[in-house]
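Colleague: I would like a close look at one part of this model. Please take me through the protein surface that faces the DNA.

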Number of protein chains: 2
Amino acid sequence: MDEFVRCEEEVSNLETVKRVKDNLLNDEEIFDLAELFKVFGDSTRMKIINALMMEELCVCDIAEITNSTPSAISHQLRVLKQAKLVKYRKEGKSVFYSLDDDHVREIFEKGREHIEEV
Amino acid sequence: MDEFVRCEEEVSNLETVKRVKDNLLNDEEIFDLAELFKVFGDSTRMKIINALMMEELCVCDIAEITNSTPSAISHQLRVLKQAKLVKYRKEGKSVFYSLDDDHVREIFEKGREHIEEV
DNA sequence: TAAACATATGAACAATTATTCATATATTCA
DNA sequence: TGAATATATGAATAATTGTTCATATGTTTA
């Protein structure tokens, strides 16, 4: 991966590139971060998160709230679960989901602040 | 969209659904939020953001730092620009990009906190 | 002005992914 | 035990999207 067309390489450029490169998160951390935000990057999941910010909910209610099918919601809850954004507890036939920690809420809010400024 | 298989509807369920539904962000806000996070949800863009957190950089340097091509980076910078995550200034042949505001940094950091806890 | 360089952009292709449909699992209750 | 309900899951399809390649635009300098 080094046969690309490059800029003229002046000393300042090489130094800048090296300095920044050395301070980047490593590839795995970058990947994990991108994967995390990818989970937030879908309207259905965003709605689920928004709903769970208010209270614990079962799959069926989430489906109704989001105008979606229980099946679609179940698929999406699996994604949210894998990303540790939601947790669940079983009660009889139902499974109740809730937000896993406050980061979810905080990330949501930061995003909202950005949106509102634009 | 209302012919789905629904849960047994007890009074408590209907009330819960209504209460939550009434307090959801509207569809447009949800969509915009999802679109914003979608921008964070890509390793290349994540790396660009991470690099720009350190200093202003030209396209060519970003390409080198991220082991990518100037063309690919240019496409991604357009996405970041449209989301108001980066701004730019021209200087001669070069175009220097930098983070647009502190929300970017904050969202990045909140994401990192979440990752580290897992 | 022409050549060289930096960046941008459109089209095409490959890869990813959200939803749907069919079906499976698990729990309750008659 | 069997029927009904709630949730989960696998496969298929449709849509979205990141990169590449070719080329265009704009700037500097010889």
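Modeller: What follows covers the two DNA strands in turn, then a helix pair between the protein chains. Keep in mind that this is a predicted model.

Start with DNA strand D. It is surrounded by 25 residues. The closest are S71(A), Y97(A), E8(B), T44(B) and Q76(B). Which part of the strand comes within 4 Å of the protein? Sugar and phosphate make up 73% of those atoms of DNA strand D.

Now the individual contacts. Q76(B) has a side-chain N or O atom 2.5 Å from a phosphate oxygen of DNA strand D. V95(A) uses its backbone: a polar atom there is 3.3 Å from a phosphate oxygen of DNA strand D. S71(B) addresses a base. A polar atom of its side chain lies 2.9 Å from a base nitrogen of DNA strand D.

Several elements give two or more residues to this surface. From chain A they are α4 (59–65), α5 (70–82) and β3 (94–99). From chain B they are α3 (43–52) and α5 (70–82). By class, the residues near DNA strand D are seven nonpolar, ten polar and eight charged.

Turn to DNA strand C. Around this strand there are 25 residues. E8(A), T44(A), Q76(A), S71(B) and Y97(B) come nearest. Of the atoms of DNA strand C within 4 Å of the protein, 72% belong to sugar and phosphate.

Two side chains meet phosphate oxygens here. R45(A) places a polar side-chain atom 2.9 Å from a phosphate oxygen of DNA strand C. For S74(B), a side-chain N or O atom is 3.0 Å from a phosphate oxygen of DNA strand C. S71(B) again reaches a base: a polar side-chain atom is 2.7 Å from a base oxygen of DNA strand C.

Chain A supplies at least two residues from each of α3 (43–52) and α5 to the surface near DNA strand C. Chain B does so from each of α4 (59–65), α5 and β3 (94–99). The residues near DNA strand C divide into seven nonpolar, ten polar and eight charged.

Last, the helix pair. Helix α2 (residues 27–40) of chain A packs with helix α2 (residues 27–40) of chain B. Their axes are 7 Å apart, at an angle of about 165°. α2(A) and α2(B) are therefore roughly antiparallel. Their crossing is left-handed. A34(A), F37(A) and F40(A) make the contact from α2(A), and A34(B), F37(B) and F40(B) from α2(B). The residues of this contact are six nonpolar, no polar and no charged.

Notes
Residues numbered from 1 in each chain as written. Chains lettered and ligands numbered in written order. Predicted model: local features only at pLDDT ≥ 70, side-chain atom pairs only at ≥ 80, totals over all residues. Heavy atoms only, no water. Axes fitted to C-alpha atoms, helices over the stretch in contact; angles between N-to-C directions. Helix = DSSP H or I, 4+ residues; strand = E, 2+ residues; numbered from the N terminus. Parallel < 35°, antiparallel > 145°, perpendicular 65-115°, else oblique. Left-handed = near helix turned anticlockwise from the far one by under 90°. Contact = heavy atoms within 4.5 Å. Nonpolar A, V, L, I, M, F, W, Y, C, P; charged D, E, K, R; others polar. Near = heavy atom within 4 Å. Polar contact = N/O pair within 3.5 Å; in protein donor to acceptor, adjacent residues only side chain to side chain.
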